[in-house]
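Please open the structure in your viewer and keep the selection tool at hand. The stops below are meant to be taken in order, each beginning with something to select.

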Amino acid sequence: MTAKTDFLHEAQARGFIHQATDAEALHARLAEGPVSGYIGFDATADSLHVGSLVQIMLLRLLQRTGNRPVVLMGGGTTKIGDPSGKDEARQLLDEARIEANKAGIRKVFEPFLTFGTGPTDAIMLDNAEWLDRLLYIPFLRDMGRHFSVNRMLTMDSVKLRLEREQNLSFLEFNYMLLQAYDFLELNRRHGIALQMGGRDQWGNIVMGTDLIRRVDGKEAFGLTTPLITTASGAKMGKTAQGAVWLNADRVSPYDYWQFWRNTEDADVGRFLGLFTDLPMAEVARLAALRGAEVNEAKKVLATEATALLHGRDAAEQSAETARRTFEEGAAAATLPTHVAALPANVVDLLAEAKLVASKGEARRLIAQNGVRLNDAPVTDPAAQVTPADLRDGAAKLSLGKKKHLLVRAG
């Protein structure tokens, strides 16, 4: 186990830190012994997707550097809905749906964190334990007086919604109070001194540190991560085929491996730092690769990221399957090749290469999840093969498991 103060240094080096309330004071607190830090996850779906992975990896790093990670399930706050980054209110879920979602989300954390009762073992809590029992008038009297509406209106989660002239319900406006109260309860019950989250949570986190200081006179800390987007500006975890879920029954280990293998060249170094445990010296070496060699770095990223979630065996099997079905076929020239000006529509390419009898058949196969581009499902008939899809000079279109076509630019 590395020294406790390594957490901030390592988090900074790997690209996790956007803001911190008092980095020097947190550094000093980390030097005293294990610090408990938490991140909250609302149960809006039965799995998390890659967009949440930076938060999970931050909890993992906290534990790897000798501290205690805490996963807070939002069994209570899911009933309200976080307005941060949203143009409209979330659909309210019933108790049964929330419980089912929580059960699915819990499985996501098991490969990443070591749970137990030791000082650095992870724990999982649920804010429904205290939020469901709150009495409204006592809560307003004891906690509400510490919040300034003037200040709340300046927080991004509220201000940006109002600037876009989108409705913000009083229900959602309360979310900030409840998240701050969560931090207070966690500090009192479990000695948790650090809350972490995405950059859109900064205002909510600061409200929590202030509430702990005002009510109990204790010091608490906040830390946020940057918004993770791809080099082309796409939101992390979203693809043309939809969300990249972390549960194996939603996205298979092989498809997960392919997602990382298809990383844009400019993102490889950054993603190796964030989404693998590789030493930073190795990350720097791989990030420096150029030209065709960058594909080797992408394979390392894909294998290491998949190993963390699905295990080393599944990751290496996925890598080997990709090598056999794509690279060997391309190298041996055993697959038919079609030369086209790129970008080109997938439906048009399939018809031109006569892999289908008509464009209508191609569209039907896409609707039936029967078409893949570089082994990733194609779900939109308007999808295109672009130069960015070329791997070693070719992109692979597949119909089912037996029909394959290499598309080259010409």
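Begin by selecting K79 and D132, which form a salt bridge whose closest N and O atoms are 2.9 Å apart; a salt bridge here is a side-chain nitrogen of Lys or Arg within 4 Å of a carboxyl oxygen of Asp or Glu. The pair links distant parts of the chain, since K79 sits in the loop between β3 and α4 (95-109) and D132 in the loop between α5 (128-131) and α6, 53 residues apart. K79 counts as partly exposed at 23% relative accessibility, and D132 also counts as partly exposed, at 43%; buried means under 20% relative accessible area, exposed over 50%, and partly exposed in between, with a 1.4 Å probe and protein chains only. Helices (H or I, at least four residues) and strands (E, at least two) are DSSP runs numbered from the N terminus.

Before moving on, note that this is a predicted model, in which local features need pLDDT of at least 70 and side-chain atom pairs count only at pLDDT 80 or more, while totals for chains, interfaces and linings use all residues. Residues are numbered from 1 along each chain as its sequence is written, and side-chain values use heavy atoms, with hydrogens and water left out.

Next, select R285 and E282, another salt bridge, with the closest N and O atoms 2.8 Å apart. Because these residues are three apart in helix α14, R285 and E282 are separated by about one helical turn. R285 counts as partly exposed at 46% relative accessibility, and E282 is partly exposed with a relative accessible area of 25%.

For a salt bridge with a buried setting, go to K396 and D375, where the closest N and O atoms are 3.2 Å apart. This pair links distant parts of the chain, with K396 in strand β14 (residues 395-399) and D375 in the loop between β11 (371-373) and β12 (376-377), 21 residues apart. Both K396 and D375 are buried. You may also select R60, R64 and D277, which are linked in a network of salt bridges; the count of salt bridges comes to 22.

Which side chain of opposite charge is nearest to R68? Select R68, in strand β3 (residues 68-74), and then D121, which is that nearest side chain, 9.1 Å away, so that R68 is buried yet has no salt bridge; Lys and Arg count as positive and Asp and Glu as negative, while His and the chain ends are not counted. A polar atom of the R68 side chain does, however, lie 2.9 Å from the backbone oxygen of H190. Leaving aside neighbours within four places in sequence, R68 is in contact (heavy atoms within 4.5 Å) with residues including V35, L62, P119, I123 and I192.

Now select helix α13 (residues 268-275), where seven of the eight residues are buried, so the helix is largely enclosed by the rest of the structure. The buried residues are V268, G269, F271, L272, G273, L274 and F275. To see what covers them, display helices including α1 (6-14), α3 (53-64), α12 (253-261), α14 (280-287) and α15 (294-310).

Is V385 buried or exposed? Select V385 in strand β13 (residues 384-385): V385 is buried, with a relative accessible area of 0%. Leaving aside neighbours within four places in sequence, V385 is in contact with residues including L342, P343, V346, L373, L397 and V407. For a distance check, draw a line from V385 to A340, which are 45 residues apart in sequence and 9.8 Å apart in space, C-alpha to C-alpha.

Finally, turn to the surface and select Y136, I137, L140 and F170, which make a nonpolar patch of about 450 Å². Patches are made of residues with over 30% relative accessible area and no salt bridge, with like charges joined within 9 Å and nonpolar side chains (Val, Leu, Ile, Met, Phe, Trp, Tyr) within 5 Å. Helix α6 (residues 136-142) gives the most to this patch, with three residues, whereas F170 lies in helix α9 (residues 170-173) and counts as exposed at 55% relative accessibility.

To close, show the whole protein chain, which has 18 helices and 15 strands and in which 50% of the 410 residues count as buried.

Methods
Accessible areas come from the Shrake-Rupley method with a 1.4 Å probe; for residues, only the protein chains shown count as cover. A polar contact is a pair of N or O atoms within 3.5 Å; within protein, one must be able to donate a hydrogen and the other to accept it, and residues adjacent in sequence count only if both atoms are side-chain atoms.
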